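User: I would like to learn how to read a structural model with some care, going from single residues to larger features. Could we take it step by step?

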Amino acid sequence: MELRPDRVLLWLFDVERDREACEALANELHPGERKRAAAFLRPVDRWAFVLGRGTLRRLLARCEPLVGPVGALAEGRWGKPTVPIPPESPPGIQFNISHSGGRVLLAATWGTAVGVDVEVPRPGVEI
């Protein structure tokens, strides 16, 4: 896996299909993330958060020589997770996570802002 400015890597997960991974990833979350996960009322939303953040942490661990060790993630505008870096540093790894209805979408690239959104269709909602 190589992160480059001209490439966006995408991963799509399903909470039910990836349930074993969810349980393993729960132990890898930062304490603040575990607290945030526990605040979700619906189990499917809780597991989607765990799956997204846990997978992100594994991705960041693979990139550690480039980004350094990652403890608590910072949160940008609207709660988007970011790796804390000094303001004068050039952009490094960029990522975004979205989850809806038990689906989790994770995107990652290098040096360029990236955003994703996943929405499971709901009956009676026209798009």
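User: To start with a single residue, in which strand does Asp-14 lie?

Analyst: Please keep in mind that this is a predicted model. Asp-14 lies in strand 1, the element formed by residues 9-14.

User: How should I decide whether Asp-14 is buried or exposed?

Analyst: The general idea is to compare the relative accessibility of a residue with a cut-off, and buried means under 20%. Asp-14 has a relative accessibility of 15%, and therefore counts as buried.

User: Which backbone atom does the side chain of Asp-14 reach, and which residues does Asp-14 touch?

Analyst: The side chain of Asp-14 comes to 2.9 Å from the backbone nitrogen of Arg-17. When residues up to four places away in sequence are set aside, Asp-14 touches Leu-51, Gly-102 and Arg-103.

User: Where is Glu-2 found, and does Glu-2 count as buried or partly exposed?

Analyst: Glu-2 is found in the segment before strand 1, and because its relative accessibility is 44%, Glu-2 counts as partly exposed. Leaving out residues up to four places away in sequence, Glu-2 touches Arg-7 and Leu-9. Separation along the chain and separation in space are worth reading together: Glu-2 and Thr-109 are 107 residues apart along the chain, while their C-alpha atoms are separated by 8.8 Å.

User: Turning to the interior, how many residues does the largest nonpolar core have, and which elements supply it?

Analyst: The largest nonpolar core has 26 residues, and those with the most contacts inside it are Val-50, Leu-51, Leu-56, Leu-60, Ile-93 and Phe-95. Strand 1, helix 1 (19-26), helix 3 (43-62), strand 4 (93-100) and strand 5 (103-110) each supply at least two residues of this core, and the largest share, 8 residues, comes from helix 3. A second, separate core of 5 residues includes Leu-105, Ala-107, Val-114 and Val-116.

User: What can be said about the span of helix 3, and how many of its residues are buried?

Analyst: The length check uses 1.5 Å a residue, so the 20 residues of helix 3 should span 28 Å, which agrees with the 28 Å between its end C-alpha atoms. As 14 of those 20 residues are buried, helix 3 is largely enclosed by the rest of the structure.

User: Finally, how much space lies in the largest pocket, and which residues are closest to its centre?

Analyst: The largest pocket holds about 270 Å³ of space. It is lined by 17 residues, of which Gly-79, Pro-81, Ile-97, Ser-98 and His-99 are the closest to its centre. Helix 3 and strand 4 are the elements that give two or more residues to this lining.

Definitions and conventions
Residues are numbered from 1 along each chain as its sequence is written. This is a predicted model: local features need pLDDT of at least 70, side-chain atom pairs count only at pLDDT 80 or more; totals for chains, interfaces and linings use all residues. Side-chain values use heavy atoms; hydrogens and water are left out. Helices (H or I, at least four residues) and strands (E, at least two) are DSSP runs, numbered from the N terminus. Buried means under 20% relative accessible area, exposed over 50%, partly exposed in between (1.4 Å probe, protein chains only). A polar contact is a pair of N or O atoms within 3.5 Å; within protein, one must be able to donate a hydrogen and the other to accept it, and residues adjacent in sequence count only if both atoms are side-chain atoms. Contact means heavy atoms within 4.5 Å. A nonpolar core is a set of buried Ala, Val, Leu, Ile, Met, Phe, Trp, Tyr and Cys residues joined through side-chain atoms within 4.5 Å. The expected span of a helix is 1.5 Å times one less than its number of residues. On a 1 Å grid over the protein atoms alone, a cavity is a set of points where a 1.4 Å probe fits but cannot get out, and a pocket is an open set with protein on both sides within 12 Å along at least five of seven lines; lining residues have an atom within 4 Å of a point. Grid points are joined across faces, edges and corners, and a volume is the space filled by probe spheres set on the points.
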